[in-house]
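Q: I should like to learn how the features of a two-chain model are read, one at a time. Where should such a reading begin?

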Amino acid sequence: MPIEIKNLNKSYNGLQVIKNYHFTFQEGKIYCLYGPSGCGKTTLLHIIAGILPFNSGTITGTEKKRIAVVFQEDRLLPWLTAEENIKFVLGNKHFDAGKYLEVVGLKEFKKYHPHQLSGGMKRRVAIARALAYHGQVLLMDEPFKGIDEEVKRYIMDSILKEKEQIVIFSTHNLQEAAYMAHETIKFTNKIHN
Amino acid sequence: MMNFTTHNKKFLFNLVAILFWLAVWQAIYLVVQNNILIPAPLEVFSRLRELVLLKSFWLNIIFTIYRVFVGVCLALALGTFLGILSGVNRFCYELLSPLVVAVKSTPIMSFIIVALVWFGSQNVPIFICFLIAFPIIWTNIQEGITNVDRKLLEMAAIFQVSKLMILKNIYLPEIKPYFISGFLTIIGLGWKATVTAEVLSLPVHAIGSRLYDARVFINAVDLFALTLAIIGISMLLENIIIRLFVNLRGRKINSAN
């Protein structure tokens with residue numbers, strides 16, 4: 001079932017960030033939200049994730065779907081190791097998180113706590129967590145920021161192998177958009193349909 | 001080598017500080033020349049040495065520790081439970097907040113007098129220890145819950161993590177430092193409050209009752225010796241608990257590695 005957005009409006013303190021937005025995200029496709037900072041990419045991702053209320057409009061197709069998110073901040077539990085952070089969202093302490101940490105090139109760092117990892121490494125753990133969750137929807141907010149090209153390409157290839165997910169990611173980088181996305185949605189300062 | 005030197009330096013500084021204040025005490029004694037107002041340090045230490053050899057002294061200490069233990073445990077149990085409730089439920093917070101503020105601002109003497117009417121003299125110190133400790137634990141736990149990182153809770157909600165896992169992996173680690181800090185505070189305060197309550201309620205076996213005896217018989221040497229014992233035991237208890245927490249933390253880190 002696709003995710004369908006109709007007449008979506010969102011404003012913060014009187015500033016309209018999203019105005020009468022329409023879009024349908026199809027299953028098995030990868031979408032890229034491309035545009036400058038402050039144009040509403042994160043707002044749209046958070047609305048789809050269900051963590052941000054909107055002013056008017058409808059969103060259908062997200063109900064009862066497992067949604068995995070890579071946030072702009074890593075949102076890792078600082079007292080858990082990299083592998084424990086992955087196991088935490090799966091609720092299964094016997095899960096082999098190493099497989100997903102290998103995808104992001106961090107297999108040897110599975111026992112490391114977030115404070116022992118660099119910014120880019122934490123980002124990769126957050127991506128591994130989202131990949132391990134196997135959601136029907138994968139939302140990623142600037143997921144490759146601070147990750148070197150080689151690892152980035154490897155992660156992108158892993159995501160491209162997923163054929164049934166709806167993947168929506170935001171970026172400032174046109175190359176990332178061109179490599180991964182089936183469709184790129186260009187945002188300007190305000191989202192207009 | 002560096003740690004060894006630092007450790008030695010710290011010990012030396014502590015020793016110098018103690019010797020300095022003992023010298024100040026001795027100087028005041030020499031100036032005042034009145035054993036009732038300020039007894040000689042040597043005399044006090046000699047009396048303390050006699051006291052520690054008495055079985056009754058240890059009986060008093062053990063009973064006082066027992067009262068602190070019960071009071072602190074009650075405060076920990078109820079303070080944690082109600083602190084969590086108040087942290088997650090605004091109504092609970094609004095309901096308990098005035099009570100806690102009232103308990104915090106009421107003079108301890110008022111409670112002791114009221115408690116003497118309500119309970120037997122044996123239980124007054126426990127009740128007072130509880131009353132002093134409960135608001136601290138409640139406030140710390142409630143603050144800990146309020147300060148839980150909302151972004152982590154949001155992340156857990158999106159990934160549909162179970163409530164039990166959220167409690168175990170987000171709430172408990174977040175409130176742990178607040179709990180430990182509250183616990184360490186109430187050990188010292190609870191100890192002082194218990195001894196104060198004992199002085200006024202005079203249970204049979206109590207270090208506070210012996211302080212009262214020393215006051216009645218105008219025995220300043222006993223008063224100072226008992227006070228030194230109280231300070232020493234309070235410091236010892238705090239140290240044991242700090243080491244316990246440090247060991248627990250160390251064991252957890254080791255098991256993680």
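A: It begins with a definition: two residues are in contact when heavy atoms lie within 4.5 Å. The model shown is predicted. Among contacts in chain B between residues at least 6 apart in sequence, 73% join residues at least 24 apart. In chain A, residues 24 or more positions apart account for 72% of the contacts with a separation of 6 or more.

Q: Which secondary structure elements does each chain contain?

A: Chain A has six helices and nine strands. Chain B has ten helices and zero strands, and its pattern along the sequence reads α-α-α-α-α-α-α-α-α-α.

Q: What is the radius of gyration of chain A, and what would a compact globule have?

A: The value is judged against the one expected for the chain length. A compact globule of 193 residues would have a radius of gyration near 16 Å, and chain A agrees with this because its value is 17 Å. The C-alpha trace of chain A spans about 45 × 35 × 35 Å along its principal axes. For chain B, the box filled by the C-alpha atoms is roughly 75 × 60 × 35 Å.

Q: What share of each chain is buried, and what makes up the accessible surface?

A: A residue is called buried under 20% relative accessible area. In chain A, 53% of the 193 residues count as buried; in chain B, buried residues make up 38% of 257. Chain A exposes about 9000 Å², with carbon and sulfur atoms supplying 49% of it. The accessible surface of chain B comes to about 15400 Å², and 71% of that belongs to carbon and sulfur atoms. One case in chain B is Leu95(B), located in helix H4 (residues 90–105). Leu95(B) is exposed, its relative accessible area being 54%.

Q: How is a strand pairing read, and how many bridges join S1 to S2 in chain A?

A: In a regular strand, side chains alternate between the two faces of the sheet. Strands S1 (residues 3–12) and S2 (residues 15–25) of chain A run antiparallel and are joined by seven bridges. Ser11(A) stands opposite Gln16(A) in S2(A). The two strands form a hairpin with two residues between them, and Asn13(A) in the turn has a positive phi of about 45°.

Q: Where else does a residue that is not a glycine have a positive phi?

A: Lys64(A) has a positive phi of about 60° and sits in the loop between strands S4 (56–60) and S5 (67–70) of chain A. Lys64(A) is exposed, at a relative accessible area of 86%. In chain B, Gln33(B) has a positive phi of about 55°, in the loop between helices H1 (2–32) and H2 (41–51). Gln33(B) is likewise exposed, at 55%.

Q: Is helix H2 of chain A mostly covered or exposed?

A: Helix H2 (residues 82–90) is mostly covered, seven of its nine residues being buried. Among them are Ile86(A), Phe88(A) and Val89(A). The buried residues of H2(A) pack against helices H3 (98–103) and H4 of chain A, together with helices H7 (150–158) and H8 (163–201) of chain B. Gly91(A), with a positive phi near 65°, follows H2(A).

Q: How are charged pairs read, and which parts do they join?

A: Side chains of opposite charge can pair when their charged atoms come close. The count over all chains is 15 salt bridges. One of them links Arg123(A) and Asp74(A), at 3.0 Å from N to O. Arg123(A) is in helix H4 and Asp74(A) in the loop between S5 and H2 of chain A, so this pair ties together parts 49 residues apart in sequence.

Another salt bridge is between Arg75(A) and Glu154(B), with the closest N and O atoms 2.7 Å apart. Arg75(A) lies in the loop between S5 and H2 of chain A and Glu154(B) in helix H7 of chain B, so the pair joins two chains. Glu73(A), Arg75(A), Lys151(B) and Glu154(B) are linked in a network of salt bridges.

Q: What is the nearest side chain of opposite charge to Arg124(A), and how far away is it?

A: A salt bridge requires the nitrogen and oxygen to be within 4 Å. Arg124(A), in helix H4 (residues 119–133) of chain A, is buried yet has no salt bridge; Asp148(A), the nearest side chain of opposite charge, is 4.6 Å away. Not counting residues up to four places away in sequence, Arg124(A) touches residues including Val104(A), Leu106(A), Ile147(A) and Val151(A).

Definitions and conventions. Residues are numbered from 1 along each chain as its sequence is written. Chains are lettered from A and ligands numbered from 1 in the order in which they are written. This is a predicted model: local features need pLDDT of at least 70, side-chain atom pairs count only at pLDDT 80 or more; totals for chains, interfaces and linings use all residues. Side-chain values use heavy atoms; hydrogens and water are left out. Helices (H or I, at least four residues) and strands (E, at least two) are DSSP runs, numbered from the N terminus. Buried means under 20% relative accessible area, exposed over 50%, partly exposed in between (1.4 Å probe, protein chains only). Lys and Arg count as positive and Asp and Glu as negative; His and the chain ends are not counted. Two strands pair if DSSP finds at least two bridges between them. The radius of gyration is taken over C-alpha atoms; the globule rule is 2.2 Å times the number of residues to the power 0.38. Accessible areas come from the Shrake-Rupley method with a 1.4 Å probe; for residues, only the protein chains shown count as cover.
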